[in-house]
Every structure is written in C-alpha cells, then in structure tokens.
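Before reading on, please take a moment to turn the model in the viewer and to find its helices and its bound ligand. The report below then goes through a few of these parts in turn.

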Amino acid sequence: MRGYFVTFEGCEGSGKSTQLKLLAQKLDEAGADYIMTREPGGSPIAERIREIILDGKNTAMCDECEALLYAAARVQHIKEKIQPALESGKLVICDRYIHSSLAYQGIARGLGEEYIQSINSYAVKNCRPDLTIFLDIPPERAFDRKHGADEDDRMEQLGLAFHTKVYNGYLALAAKDPVICPVDCSGTKFETSGKIWKLLVEKGIVRG
Ligand SMILES: Nc1ncnc2c1ncn2[C@@H]1O[C@H](COP(=O)(O)OP(=O)(O)O)[C@@H](O)[C@H]1O
Ligand SMILES: [Mg+2]
C-alpha cells in the first residue's frame, strides 16, 4: 500500500523545524516507518538548487526563474526520494512543498496561482499531499521567536510586508483547499505538537 504524504507549511519561524523534530521523536516511539525531508532540497541535486535560490547574493534573480527553480528542485526530490518512499509504503513528512510555491511565488510575488499550478503540473504530476499542516501564526510573531530574519537568506530578507502577503496567501489557500489543515501554534511547542499528533491520529495516518 502507498504510504501517506504529509507536508508542513507556514511562514519563516512558524515552528516547522521544531515541530518536525518533536514529531520524529513521537514517530520513533510509535515505531512508525517514515522518512523526513525538506524543500527546496531533500536530494543532493535539489540541495544545490536550494543554495542558488536562497543565496543572498542572487538579488538579480527574477520571480519566474525563482518559481521554476523551486519546481525543478521539487521534481528531482520527488523522483529520487519522495516517490520511492511512498511506493514502499513509508510515511513521508516534508518541510514545505507545493503550497509554499503557491503562497510565496504565486500570491506574494504575484505570479498567480495558475502559473504556479501550471509549471508544477509537470513537476508534481500526481504526487500530491494527503494532508498539509499549516502552522498558523502571523509573521511578526514568528519573526520575534526567531529574533529577526537571517541576513544570508534571500527569502527571509524580503521584509514583513512580503511575509504578511505570504501569510494571507496561506489563509486564502486554506479556505479553498481541504487538504490544508491550519493548526494554531501560538501556544508552547509541546501544545502545538500535541495538536499535530491528534490530527494525524484523526486522519488515520498514525495510530494513537
Ligand atoms: N511554540 C513555540 N513557542 C516559542 N518559540 C518557539 C515555538 N516553536 C518554535 N519556537 C522557536 O521559534 C524559532 C523558529 O522555529 P523554527 O522551528 O526554526 O521555525 P521554521 O522552521 O518554521 O522557520 C526557533 O528559535 C524555535 O525554538
Ligand atoms: Mg525550518
């Protein structure tokens, strides 16, 4: 049986890495057969594309190039890692996926959701998440937790106005795409982790 595919989404500093670490501990305790991976990246070639996308020196990169590089990294990652794991019945957990492209490049950059869906129809094909957990916290609070943006990261350097557009983009996507489940993550990391586990049990993705 094909494994479940679960993706995590949210603004910079919303707690994705923190939650993935806590989830890994719970999955280990439960003896689950899973892999954890991230976008952009997750395979050696895709990680090299990630370096180009995030490099703070690449200020001349146009929005279309950025969107296509994300899609290129994604298809490599799918073929090398995600698809084989799902086919062998493993649960795949991914830090960011197509909804990041829709929120960042489609909505916040203004390329449009249709443009992003169109280029990703080649990259993603039918490799769609069964569940997307959106860590819901406004960007100003998320940046506070991180103590500001990373100076070397081109995406983090875009400022609060851009990241507010991303956040509103995620809310708009969540309102129309039932695969997205928003999780209020204004509480402690352990409270959020408990909510995520409950959701995974409810969806039949893990055993409680
Ligand atoms: N619930 C929480 N309350 C307070 N701080 C948190 C919480 N969750 C995460 N953090 C902190 O916020 C910062 C950003 O979290 P991180 O997991 O790196 O976010 P992301 O991977 O989404 O960018 C880290 O310093 C982390 O320790
Ligand atoms: Mg992270």
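What follows describes a predicted model, beginning with one helix, then turning to the ligand and finally to two single residues.

**Helix α7**

Helix α7 is made of 18 residues, from 159 to 176, and from its first C-alpha to its last it reaches 27 Å, which is close to the 26 Å expected at 1.5 Å a residue. Its buried residues are Phe162, His163, Val166, Tyr167, Gly169, Tyr170, Leu173 and Ala174. Viewed down the axis of α7, these buried residues fall within an arc of 155 degrees, so they line one face of the helix. A general rule helps in reading such a pattern: an α-helix has 3.6 residues a turn, so residues three or four places apart point the same way. On the face of α7 that is turned away from the buried side, one finds the exposed residues Ala161, Ala175 and Lys176. The cover over the buried residues of α7 includes the strands β1 (5-9), β4 (131-136) and β5 (180-184), together with the helices α4 (98-108), α5 (113-124) and α6 (139-146).

**The surroundings of ligand 1**

There are 13 residues around ligand 1, and of these Gly13, Lys16, Ser17, Thr18 and Gly187 come nearest. The table lists three polar contacts between the backbone and the ligand.

| Residue (backbone atom) | Atom of ligand 1 | Distance |
|---|---|---|
| Serine 14 (N or O) | oxygen | 3.3 Å |
| Glycine 15 (N or O) | oxygen | 3.0 Å |
| Glycine 187 (polar atom) | nitrogen | 2.9 Å |

Taken alone, ligand 1 exposes 560 Å², and the protein buries 69% of that area.

**Two buried residues**

Glutamine 19 has its place in helix α1, which covers residues 16-30. With a relative accessible area of 5%, glutamine 19 lies below the 20% limit and therefore counts as buried. If residues up to four places away in sequence are not counted, glutamine 19 touches Phe8, Leu135, Lys189, Thr192, Ser193 and Ile196. Arginine 48 is 29 residues apart from glutamine 19 along the chain, and the C-alpha atoms of the two are separated by 25 Å.

Asparagine 120, in turn, is found in helix α5, one of the elements that cover the buried residues of α7. Is asparagine 120 buried or exposed? Its relative accessible area is 1%, which is under 20%, so asparagine 120 is buried. Leaving aside neighbours within four places in sequence, asparagine 120 is in contact with Ala71, Arg74, Ile98, Ser101 and Lys125.

Conventions: Residues are numbered from 1 along each chain as its sequence is written. Chains are lettered from A and ligands numbered from 1 in the order in which they are written. This is a predicted model: local features need pLDDT of at least 70, side-chain atom pairs count only at pLDDT 80 or more; totals for chains, interfaces and linings use all residues. Side-chain values use heavy atoms; hydrogens and water are left out. Helices (H or I, at least four residues) and strands (E, at least two) are DSSP runs, numbered from the N terminus. The expected span of a helix is 1.5 Å times one less than its number of residues. Buried means under 20% relative accessible area, exposed over 50%, partly exposed in between (1.4 Å probe, protein chains only). The arc is that of the directions from the helix axis to the C-beta atoms. Contact means heavy atoms within 4.5 Å. A residue is near a molecule or strand if one of its heavy atoms lies within 4 Å of it. A polar contact is a pair of N or O atoms within 3.5 Å; within protein, one must be able to donate a hydrogen and the other to accept it, and residues adjacent in sequence count only if both atoms are side-chain atoms. Accessible areas come from the Shrake-Rupley method with a 1.4 Å probe; for residues, only the protein chains shown count as cover.
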